[in-house]
Amino acid sequence: MQPIAAGLRPEQRRELAEYYARLSPRVEGESDSSVSGAAIERGRTIAEQGIPAQRVPSCSDCHGPGPERRNPAYPALAGQYAEYLVLQLELFKANQRGGSRHAVQTP
């Protein structure tokens, strides 16, 4: 959203931030019925445990959930649309988007 937000006036950015802050995250257990149970379980395992053999940390290691954000630079993932998360992971893997110095990509 940064390129879009850059063209907004400060009051417009504030209004958008307030709008998104009021939205409720998705309900626990809510999922897209077109996704297989195996894919959901694999995603859950990666989110909670990562992929140690490939040196991939779990999503929750950096993004929570938890009572406090681990690092303000890491966005919360709760409530994000699956399509958005998939796109960001694909772009990250293809070196088409940034990451912090903690983002270590394996060959």
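**Figure 1. Five helices and zero strands make up the secondary structure of the protein chain.** Welcome to a predicted model. Read from the N terminus, the elements follow the order α-α-α-α-α. Of the 107 residues in the protein chain, 6% are buried. Among contacts with a separation of 6 or more, 21% join residues 24 or more positions apart. The protein chain exposes about 9,200 Å², and 56% of that area comes from carbon and sulfur atoms.

**Figure 2. A close-up of G64, in the loop between α4 and α5.** Here we look at the stretch that follows α4 (59-63) and leads to α5 (82-93), where G64 is found. Is G64 buried or exposed? G64 counts as buried because its relative accessibility is 17%, and buried means under 20%. Once neighbours within four places in sequence are set aside, G64 is in contact with C59 and R70. A78 is also worth finding in this view: A78 and G64 are 14 residues apart along the chain, and their C-alpha atoms are separated by 8.6 Å.

**Figure 3. A nonpolar patch on the surface, with L16 as one of its members.** Which residues make this patch? They are L16, Y19, Y20 and L23, and the patch they form covers about 380 Å². To get your bearings, start from L16, which lies in helix α2 (residues 10-22). L16 counts as partly exposed because its relative accessibility is 33%, a value between the 20% limit for buried and the 50% limit for exposed.

Conventions. Residues numbered from 1 in each chain as written. Predicted model: local features only at pLDDT ≥ 70, side-chain atom pairs only at ≥ 80, totals over all residues. Heavy atoms only, no water. Helix = DSSP H or I, 4+ residues; strand = E, 2+ residues; numbered from the N terminus. Buried < 20%, exposed > 50% of the residue type's maximum accessible area, 1.4 Å probe, protein only. Contact = heavy atoms within 4.5 Å. Areas by Shrake-Rupley, 256 points an atom, 1.4 Å probe, with all protein chains shown as cover. Patch = residues over 30% accessible without salt bridge, like charges linked within 9 Å, V, L, I, M, F, W, Y side chains within 5 Å. Salt bridge = Lys/Arg side-chain N within 4 Å of Asp/Glu carboxyl O.
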